[in-house]
Amino acid sequence: MVFVLDVGNSNIKCGLFDDDRLVNSWRIATKLERTADDYGIRMMAFFNHLGRRPDEVEGIIISSVIPSINYTLQHMFTMYFGKKAMMVGPGMKTGINILYDNPKELGTDRIAGAVAAYTLYGGPCIIVDFGTATTFGAVSAGGDFLGGAICPGIRISAEALASGAAKLPRVELVKPESVIARNTVAGMQAGIIYGYVGQVDYIIRRMKAEMGGSPRVIATGGMANVIAQETQEIDEVNSLLTLIGLNILYHKNKKRLRIEGSQ
């Protein structure tokens, strides 16, 4: 099995793959203050709960947007799994051509998502990842990652509204029945949800115009289903997109890991 981890600002999304099939997945909170032992004990608890053993893991791959946590996770895997984890980064075989001005600036989660989308759906395509930040990525028909856009995630936007206005409460992010709301909570929900849908649709339309053709739009991330129900531009929701991309990247690069490990 291959153990994949998508380390985000809020959560670490974990998955176990048997070839191309995701057999188990779970999330733990991202906490910078946790030690390697803290993470190791939590991982062992999940493995025990699932009836899995660490020695079933053939290899490990990590996508991380938090560089300061990488050593802790690597140390944890060495101690508890007896293996070195592969880190998504420069020099890795991806199957796509990254046209960013500085490819090192591109988030590794965005690379994994783009690899999965291009592999599963072909190009051209647009990937929208609703995470702590919402990211948009464009991949051409020939497999070039052209770039994209980044905006505050919907939860950040909702938190900023409640924090910045003294009389506005924090609200649950659910879709109200009407945009013309008759109370403050529903009014905030309408503005946040439907306003965000409008933002997403507009950015996608602009990206489509710049790309030309008819790119397929794939959404992933925690709020993807909520937004996709209202948007006019999202074609597919795949909540496993980043994990699938990590599994693909592992298999493309495992020979290199074995060579490095033997040195």
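## Gln189 and its surroundings

The backbone oxygen of Glu172 sits 2.9 Å from a polar atom of the Gln189 side chain. This is a predicted model. Gln189 belongs to helix α5, which covers residues 184-211.

Is Gln189 buried or exposed? Its relative accessibility is 10%. Buried means under 20%, so Gln189 counts as buried. Setting aside neighbours within four places in sequence, Gln189 contacts Val171, Glu172, Val174, Pro176 and Tyr194. Glu172 thus appears both in that contact list and as the owner of the backbone oxygen 2.9 Å from the Gln189 side chain.

## Overall fold

The protein has 7 helices and 11 strands. Its radius of gyration is 20 Å, close to the 18 Å that the globule rule gives for 263 residues, so the protein is as compact as a globular protein of that length. The C-alpha trace spans about 65 × 40 × 30 Å along its principal axes.

Of the 263 residues, 46% count as buried. Take the contacts between residues at least 6 apart in sequence: 57% of them join residues at least 24 apart.

## The largest pocket

The volume of the largest pocket is about 790 Å³. Its lining holds 36 residues. Nearest the pocket centre lie Lys13, Asp129, Phe130, Gly131 and Thr132. Several elements give two or more residues each to this lining. The strands are β2 (11-18), β3 (21-29), β7 (125-130), β8 (133-139) and β10 (216-221). The helices are α3 (108-121), α4 (154-164) and α7 (241-261).

What is the make-up of the pocket lining by class? It divides into 13 nonpolar, 15 polar and 8 charged residues.

## The cavity

Rolling a probe the size of a water molecule over the atoms shows where empty space is left. Here the count is 1 cavity of 30 Å³ or more. The largest cavity has a volume of about 60 Å³.

Which residues line the largest cavity? They are Asp109, Arg110, Gly113, Ala114, Ile127, Asp129, Thr135, Gly137 and Phe145. Elements α3, β7 and β8 each give two or more residues to the cavity lining. Helix α3 makes the largest contribution, with 4 residues. By class, the cavity lining has 3 nonpolar, 3 polar and 3 charged residues.

## Shared ground

Asp129 lines the cavity and is also among the residues nearest the centre of the largest pocket. Elements α3, β7 and β8 contribute two or more residues to the cavity lining, and they do so for the pocket lining as well.

Technical notes: Residues are numbered from 1 along each chain as its sequence is written. This is a predicted model: local features need pLDDT of at least 70, side-chain atom pairs count only at pLDDT 80 or more; totals for chains, interfaces and linings use all residues. Side-chain values use heavy atoms; hydrogens and water are left out. On a 1 Å grid over the protein atoms alone, a cavity is a set of points where a 1.4 Å probe fits but cannot get out, and a pocket is an open set with protein on both sides within 12 Å along at least five of seven lines; lining residues have an atom within 4 Å of a point. Grid points are joined across faces, edges and corners, and a volume is the space filled by probe spheres set on the points. Ala, Val, Leu, Ile, Met, Phe, Trp, Tyr, Cys and Pro count as nonpolar, Asp, Glu, Lys and Arg as charged, and the others, Gly among them, as polar. Buried means under 20% relative accessible area, exposed over 50%, partly exposed in between (1.4 Å probe, protein chains only). A polar contact is a pair of N or O atoms within 3.5 Å; within protein, one must be able to donate a hydrogen and the other to accept it, and residues adjacent in sequence count only if both atoms are side-chain atoms. Contact means heavy atoms within 4.5 Å. The radius of gyration is taken over C-alpha atoms; the globule rule is 2.2 Å times the number of residues to the power 0.38.
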